[in-house]
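Have your viewer ready? Let's take a short walk through this model, one selection at a time.

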Amino acid sequence: MADGGEGTLDALLSATHGDRKSCRVLGALGEVQEAAWGLLGNTAVIEVAAAAGLELIPPSLRRPMKACSFGVGQLIKAALDAHADRIILGLGGSSTNDGGAGMLAALGVRLLDAKGSQLSPGGAALKTLAKLDTSGLDPRLALVKIEVASDVDNPLCGNSGASHVFGPQKGATLDQVKELDLSLENLANICASHFGTDQRDCAGAGAAGGLGFAAMTFLRASFRPGVEIVAEICGLEAEIGDTDLVFTGEGRMDAQTLRGKTPAGVARIAQRAGVPVIALAGALGEGYDALYACGVSAAFSLVSGPMTLDAACEHAEALLTDRARDATRLWIT
Ligand SMILES: Nc1ncnc2c1ncn2[C@@H]1O[C@H](COP(=O)(O)OP(=O)(O)OP(=O)(O)O)[C@@H](O)[C@H]1O
Ligand SMILES: O=C(O)[C@H](O)CO
């Protein structure tokens with residue numbers, strides 16, 4: 001299962017036996033890299049995390065002010081070249097906070113400052129955005145249906161927005177978070193005067209560093225929680241209907257989990273079917289117990305005692321096996 005973030009492509013390819021494709025793209029920090037995408041019939045599956053994923057950059061090298069989503073636009077172009085008529089765009093697990101500006105640039109939009117010069121890559125540069133030129137937007141986009149599979153429902157700006165909630169995990173300091181938030185606000189203001197509509201507060205606008213906002217505003221993408229799209233394509237509801245017990249989990253379960261992450265979506269489907277759910281997570285963070293009202297029967301942390309995060313990750317497979325065994329023993333006795 002997946003929720004739009006990393007793993008979405010793998011989950012959909014394994015459920016549908018689709019074709020795994022690969023494309024040379026610019027990574028978030030400008031390095032050339034191969035990124036995977038998928039073709040299920042005429043439907044392309046693109047994961048932001050494949051081109052601009054947080055996991056692709058070690059913590060000490062993360063540059064949230066400069067990281068750029070250009071590679072995501074290149075993947076969309078590859079899907080258009082392959083004549084896809086529907087694109088599922090998975091949002092989540094990104095290293096970028098650029099409001100999708102890089103993606104737009106790759107698709108032909110010119111983002112200009114007051115002097116008419118193109119902005120440099122990254123979220124910080126958006127504070128100088130003064131004008132948009134959308135005349136070069138790839139015309140094929142008008143003929144393709146873009147469905148966003150979003151891992152969260154956060155708005156673009158403010159305390160629940162992309163920069164405040166997800167900036168820190170991308171390496172942003174508090175000052176940088178504030179600067180990035182103002183930059184995204186400027187993007188939203190310029191878009192509001194260009195398009196005459198304002199989608200900054202729509203659910204999911206703040207996903208993938210604000211790329212959600214660009215997808216809804218420029219690409220007219222429809223939005224659904226990613227976990228719902230993945231569950232539908234994988235036939236999860238039918239599988240769960242025939243099941244005694246469901247396991248789900250993620251790195252850290254906390255209040256954020258309820259905003260559209262995989263475990264919350266899985267638990268909701270299991271709850272409808274009356275099947276108990278055990279959630280296993282590396283860590284249980286603040287607010288995780290709110291999941292108990294949403295279908296999770298019991299949640300457990302994997303760690304067996306005090307240990308470093310590195311040790312916990314290194315032994316994750318064994319810890320997961322142990323904790324699954326422990327939980328199942330309680331259930332069967
Ligand atoms: N194996 C683990 N053991 C202990 N803690 C972990 C483990 N994996 C992740 N964590 C904790 O969870 C945090 C989030 O990790 P990660 O981004 O992988 O998880 P996630 O909750 O699945 O993320 P996402 O927001 O993309 O759904 C980590 O910073 C760490 O504190
Ligand atoms: O990529 C991100 O910013 C988070 O996963 C939220 O979408």
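**First stop: ligand 1 and its polar contacts.** Keep in mind that this is a predicted model. Select E250 together with ligand 1: a polar atom in the side chain of E250 sits 3.1 Å from an oxygen atom of the ligand. Now add R252, where the partner is on the main chain: a backbone N or O atom of R252 is 2.9 Å from an oxygen atom of ligand 1. Next, click on K261, whose side chain places an N or O atom 2.9 Å from an oxygen atom of ligand 1. If you turn on surfaces here, you are looking at a ligand that exposes 620 Å² when taken alone, with 68% of that buried by the protein.

**Widen the selection around ligand 1.** Which residues surround ligand 1? Select E6, E250, G251, R252, K261, G282, A283, L309, A312 and C313 to show them. Sorted by class, this shell holds 4 nonpolar, 2 polar and 4 charged residues. Switch to cartoon and colour β9 (246–253), β10 (277–284) and α11 (309–314): each of these supplies at least two residues of the shell. With a pocket display on, you will find that ligand 1 takes up the space of the largest pocket.

**Second stop: ligand 2.** Centre on ligand 2 and pick out G93, which has a backbone N or O atom 2.9 Å from an oxygen atom of this ligand. Then select A208, where a polar backbone atom is 2.9 Å from an oxygen atom of ligand 2. For a side-chain contact, go to K170: one of its polar side-chain atoms lies 2.6 Å from an oxygen atom of ligand 2. How much of the accessible area of ligand 2 does the protein cover? On its own ligand 2 has 230 Å², and the protein covers 98% of that.

**Widen the selection again.** Show G92, G93, S94, D151, V152, F166, K170, A207, A208 and G209, the residues that surround ligand 2. By class they divide into 4 nonpolar, 4 polar and 2 charged residues. The space taken by ligand 2 is likewise the largest pocket.

**Last stop: zoom out.** Hide the side chains and view the whole fold as a cartoon, which contains 12 helices and 11 strands. Align the view to the principal axes, and the C-alpha trace spans about 70 × 45 × 35 Å. How does the radius of gyration compare with that of a compact globule? For 333 residues such a globule would have a value near 20 Å, and the protein agrees because its own radius of gyration is 20 Å.

Note on methods: Residues are numbered from 1 along each chain as its sequence is written. Chains are lettered from A and ligands numbered from 1 in the order in which they are written. This is a predicted model: local features need pLDDT of at least 70, side-chain atom pairs count only at pLDDT 80 or more; totals for chains, interfaces and linings use all residues. Side-chain values use heavy atoms; hydrogens and water are left out. A residue is near a molecule or strand if one of its heavy atoms lies within 4 Å of it. A polar contact is a pair of N or O atoms within 3.5 Å; within protein, one must be able to donate a hydrogen and the other to accept it, and residues adjacent in sequence count only if both atoms are side-chain atoms. Accessible areas come from the Shrake-Rupley method with a 1.4 Å probe; for residues, only the protein chains shown count as cover. On a 1 Å grid over the protein atoms alone, a cavity is a set of points where a 1.4 Å probe fits but cannot get out, and a pocket is an open set with protein on both sides within 12 Å along at least five of seven lines; lining residues have an atom within 4 Å of a point. A molecule sits in a cavity or pocket if more than half of its atoms lie within 2 Å of its grid points. Helices (H or I, at least four residues) and strands (E, at least two) are DSSP runs, numbered from the N terminus. Ala, Val, Leu, Ile, Met, Phe, Trp, Tyr, Cys and Pro count as nonpolar, Asp, Glu, Lys and Arg as charged, and the others, Gly among them, as polar. The radius of gyration is taken over C-alpha atoms; the globule rule is 2.2 Å times the number of residues to the power 0.38.
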